[in-house]
Amino acid sequence: MTAPKLAAAIRTAVAAWELKTSFVQRVDALADPGKLGGELASGVEEALIAAGEDLAAVRQEVLSAPFVVLTNVFEPTQLPDTPDWFTPVPDATGTYAGRAAAIAAQAFLGMETVSYGSENSGELFVSLTAIPGDGKFARKSQGGLRGHTDGVSFPFNGETDASNARIAPSPDVVTLVGLRNPKSVPTTVMVLQEALGKLSPEDIHELKQAQFSIESQATFLEGMRDILGDVHTAIDEPVFKDAAIGTIVRFSHSSVSPTEPGGAAEKAAENFAKACSEVAQAVAIQPGDLLLVSNRLCLHGRGEVGGEIGGQSRWLLRTYGLDTSQLDDSRRHLGNRPAHVLFP
């Protein structure tokens with residue numbers, strides 16, 4: 001089984017990086033995730049080769065999996081109290097180790113660690129914690145989340161948005177980093193292939209048709225208005241598409257609906273949402289773990305978090321991985337933005 005071997009290799013690479021760097025040097029290194037990813041990926045490769053592993057086989061197994069849990073890949077030590085907002089991620093030994101581990105894993109898979117300028121001001125990592133108050137984000141942070149893919153209004157990798165060619169693809173991988181989870185609140189994963197098995201051929205046909213409107217998710221809305229002047233919506237797009245790796249998906253219960261309400265398309269979307277709930281699996285991300293979720297082959301959500309704020313309450317980090325080997329620079333912000341910040 002590949003996951004334990006890859007986890008051990010990442011753990012070795014991150015520990016070696018920590019041993020040879022000071023805290024200040026780690027701060028500087030994380031400001032250039034592309035360079036750091038190359039260095040850490042080399043360390044991961046060396047550890048796997050020393051263990052007698054075939055690098056290509058390990059990569060392929062992980063890239064073809066809907067999700068992979070990598071346990072105990074870093075030491076989440078010297079953490080401050082859990083923050084009560086998405087950004088900034090506090091500077092601490094444990095948060096730097098967790099971020100380095102995520103960058104190492106994604107770089108080994110041939111992906112750049114990226115963010116989007118329209119979400120959380122382009123921060124590369126964000127905290128997933130319970131937020132105080134009665135507002136929309138507070139309620140959402142404390143409750144459960146149904147299945148979705150991230151950056152859902154953005155095109156699949158290798159495709160261009162019909163309304164604006166600069167819009168970058170949605171991430172290939174969503175990576176969650178475990179810092180605290182005292183109540184073992186589950187992240188839920190919904191494997192697309194399992195959900196397809198519960199749909200009729202007619203439903204699958206409808207979901208492959210270019211007849212759905214896909215709106216931006218809540219965390220992107222404010223940034224979209226600032227950058228684009230309006231909220232981005234992809235019109236007349238499919239939910240499923242056939243690709244080299246099989247059927248892929250872009251979907252969110254709250255953001256995807258038929259362009260023309262009613263009929264077979266709406267029923268198919270309802271049936272897919274139901275199928276996702278039926279196949280959902282619970283994964284409790286523990287401190288020191290990474291969860292890599294394919295944003296093409298799997299949806300993800302979350303169990304109910306509850307209202308405990310700060311202190312030692314649940315704390316994950318989230319970041320994105322994208323194969324940018326064919327990405328034109330026009331789809332990055334550039335200018336005064338770091339290279340990893342994609343448009344919009």
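Leucine 334 is found in the loop between strand E15 (315–322) and E16. In this predicted model, the phi of leucine 334 is near 55°, a positive value in a residue other than glycine. Most residues other than glycine have a negative phi, and most peptide bonds are trans. Leucine 334 has 35% relative accessibility and therefore counts as partly exposed, since that class lies between the limits of 20% and 50%.

Glutamine 78 is another case of a positive phi, here about 55°, in a residue that is not a glycine. This residue belongs to the loop between E1 and H5. Its relative accessibility is 64%, so glutamine 78 counts as exposed; the cut-off for that class is over 50%.

The loop between strand E1 (67–70) and helix H5 (93–108) also holds proline 88. The peptide bond leading from threonine 87 into proline 88 is cis, with omega near -10°. A cis bond is likewise found from phenylalanine 343 to proline 344, where omega is near 0°. Proline 344 sits in the segment after strand E16 (341–342).

The next element is a sheet. Strands of a sheet pair through backbone hydrogen bonds, either parallel or antiparallel. Here 3 strands make up an open sheet, ordered E8-E7-E11, with antiparallel pairing. Strand E8 (233–237) and strand E11 (256–258) are the edge strands, each paired on one side only. On average, neighbouring strands of the sheet are turned by 20° against each other, with direction ignored. Strand E7 (residues 212–215) is joined to E8 by 3 bridges, and the two run antiparallel. As for individual residues, isoleucine 214 has alanine 234 in E8 as its bridge partner.

Helix H9 covers residues 218–228. Which residues of helix H9 are buried? They are Ala218, Phe220, Leu221, Gly223 and Met224. An α-helix has 3.6 residues a turn, so residues three or four places apart point the same way. The cover over the buried residues of H9 includes strand E2 (112–116), helix H6 (136–142) and E15. Strand E15 has already appeared above, as one end of the loop that holds leucine 334. Just after H9 comes glycine 229, with a positive phi of about 85°. Glycine 229 is thus set apart from glutamine 78, which has its positive phi although it is not a glycine.

Notes. Residues are numbered from 1 along each chain as its sequence is written. This is a predicted model: local features need pLDDT of at least 70, side-chain atom pairs count only at pLDDT 80 or more; totals for chains, interfaces and linings use all residues. Side-chain values use heavy atoms; hydrogens and water are left out. Two strands pair if DSSP finds at least two bridges between them. Helices (H or I, at least four residues) and strands (E, at least two) are DSSP runs, numbered from the N terminus. Axes are lines fitted to C-alpha atoms, for helices over the stretch in contact, and angles run from 0 to 180 degrees between N-to-C directions. Buried means under 20% relative accessible area, exposed over 50%, partly exposed in between (1.4 Å probe, protein chains only). Contact means heavy atoms within 4.5 Å.
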